[in-house]
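Trainee: I should like to take a close look at a single part of this structure and then follow its surroundings outward. Please take me through it in one connected account.

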Amino acid sequence: MNIYDIAKEAGVSIATVSRVLNGSSKVKESTRTRIEEILQRNRYAPSVFARGMVSGSMRSVGVLTIDVRDIYYGTVTYAVEHAFLEEGYNTVLCNTGGLPERQLHYLSLLTAKQVDGIILVGSAFKDQGLESALREVSTDIPVVMLNRKLEGENIRSVICDEKQGTADCVAHLAAAGHSGIRYVQDTNTYSAIRKLEGFKAGMAAAGLELEPHSIIETVKGFAGGVSAAESLGGADFTALMTGDDLTAAGVCKGLRRIGRVPGGDTAVTGFNDSIIALSTDPELTSVDNRAEEMGKTAAALLCRLLSGGDVPEVTILEPKLTIRASTRLVQDR
């Protein structure tokens, strides 16, 4: 038996049945008693969809991420889900693998499920087809993007100033006496591009020359870090910066393979300030891009949008450089 059957048997509208289910006082006591007797006799358990049909809200949000196994994505997604749970919302999680066709598929799925809002975790959502679809969806469903900006009628962004984070890394290394600084770039997302821009800006601010070999391109992840370091055998450098802690851990291993000492004759920096930064030997100097705060902020902003509140188009969180043993003064090497 569904809510329509209950309403028909009681001789009332489904809105009246919904008011009884939600404990509203705007129902006559005799009508309430009649409906409650029918509900109890039929052991009726209201579905989320039935509630949503009347209230106009399914009390659910969709979260699209690249890969929840990734430490950064997983941390942000957990924070988002936990924050919405406290607000009484269910979360529908979609792992896209970074594939445009999956992104479009899940966006269509979430729209069909009539979610109240959508959050995109990660900066890899830059396919033109997806951007057009997001703009269309956002006319009815508010969208919050993490680490990505996209102009749209009902789209908001939460961004960590990662450009400043890498610039701070360069400033720290330069202050420690390093001049042979190189940057390992392992992906080409919106976030990665901002980090690279920060490296270039930091080098200019420190008065250090930026040359073609100052930037080393590699594949994403631990293996990419190993490969990048191994490719530098015999090169003249004193510090390697990366855009991810996992890549930095690979760099440390690769440096040892070519006879270098991470934190000794070669400084290494990571990004994300994850558990990986504490698991390497030596522990990594890393930029804290405030993953948990990003998730909580995104959830809070979406809740405010859903309640009709004003939300700025872009909310920026400042990163924090955490200095550890992987970077030392040049004279201490």
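Trainee: How many of the residues of strand E3 are buried?

Mentor: The model is a predicted one, and the account that follows should be read with that in mind. In strand E3, five of its five residues are buried, and the strand is mostly covered. The side chains of E3 fall into two sets: Gly117, Ile119 and Val121 point one way, whereas Ile118 and Leu120 point the other way. Both sets are buried. In a regular strand the side chains alternate between the two faces of the sheet.

The setting of E3 is an open sheet of six strands, in the order E2-E1-E3-E4-E5-E11, with parallel pairing. The edges are strand E2 (90-95) and strand E11 (314-317), each of which pairs on one side only. From one strand to the next, the twist averages 15°. Strands of a sheet pair through backbone hydrogen bonds, either parallel or antiparallel.

In the sheet order, E3 stands between E1 and E4. With E1, the pairing of E3 is parallel and extends over five bridges; within it, Val63 stands opposite Ile119 of E3. With E4, the pairing of E3 is again parallel, over four bridges, and Leu120 has Met145 of E4 as its bridge partner. Beyond this, strand E4 (residues 143-146) is joined to strand E5 (residues 155-160) by four bridges, the two strands running parallel. One partnership there is that of Val143 with Ile155 in E5.

Helix H13 (residues 291-306) packs on this sheet. The strands touched by H13 are strand E1 (60-65), strand E3 (117-121), E4, E5 and E11. The direction of H13 makes about 160° with that of E5.

A further view of E3 is given by Leu107, a residue of helix H6 (residues 100-112). Leu107 counts as buried because its relative accessibility is 2%. Setting aside residues up to four places away in sequence, Leu107 touches Leu64, Ile118, Leu130, Ala133, Leu134 and Val137. Among these, Ile118 is one of the two E3 residues that point the other way from Gly117, Ile119 and Val121. As for distance across the model, the C-alpha atoms of Leu107 and Val311 are separated by 23 Å, and the two residues are 204 apart along the chain.

Other parts of the chain may be described in the same manner, beginning with helix H10 (residues 222-230). The buried residues of H10 are Gly224, Gly225, Val226, Ala228 and Ala229. These buried residues pack against strand E6 (181-185), strand E7 (215-217) and helix H11 (245-257). The axes of H10 and H11 lie 6 Å apart, and the helices pack at an angle of about 40°; H10 and H11 are therefore oblique to each other. The crossing of H10 past H11 is right-handed. On the H10 side, the contact involves Phe222, Gly225, Val226, Ala229 and Glu230. On the H11 side, these meet Leu246, Thr247, Ala249, Gly250, Val251, Lys253, Gly254, Leu255 and Arg257. By class, the residues of this contact comprise seven nonpolar, four polar and three charged.

A second helix pair is formed by helix H1 (residues 3-10) and helix H3 (residues 29-41), which pack at an angle of about 130° with their axes 10 Å apart. That angle makes H1 oblique to H3. H1 passes H3 in a right-handed crossing. Ile6, Glu9 and Ala10 of H1 make the contact with Arg34, Ile35, Ile38, Leu39 and Arg41 of H3. The residues of this contact divide into five nonpolar, no polar and three charged.

Finally, the loop between helix H2 (14-21) and H3 contains Val27. Val27 has a relative accessible area of 11% and is therefore buried. Apart from neighbours within four places in sequence, the contacts of Val27 are with Thr16, Arg19, Val20 and Arg32. For one of these, Thr16, the C-alpha atom is separated from that of Val27 by 7.1 Å, the two residues being eleven apart along the chain.

To return to the part with which the request began: E3 pairs with E1 and with E4, is touched by helix H13, and has its five residues buried.

Notes: Residues are numbered from 1 along each chain as its sequence is written. This is a predicted model: local features need pLDDT of at least 70, side-chain atom pairs count only at pLDDT 80 or more; totals for chains, interfaces and linings use all residues. Side-chain values use heavy atoms; hydrogens and water are left out. Axes are lines fitted to C-alpha atoms, for helices over the stretch in contact, and angles run from 0 to 180 degrees between N-to-C directions. Angles under 35 degrees count as roughly parallel, over 145 as roughly antiparallel, 65 to 115 as roughly perpendicular and the rest as oblique. A crossing is left-handed if the near helix is turned anticlockwise from the far one by less than a right angle, and right-handed if clockwise. Contact means heavy atoms within 4.5 Å. Ala, Val, Leu, Ile, Met, Phe, Trp, Tyr, Cys and Pro count as nonpolar, Asp, Glu, Lys and Arg as charged, and the others, Gly among them, as polar. Buried means under 20% relative accessible area, exposed over 50%, partly exposed in between (1.4 Å probe, protein chains only). Two strands pair if DSSP finds at least two bridges between them.
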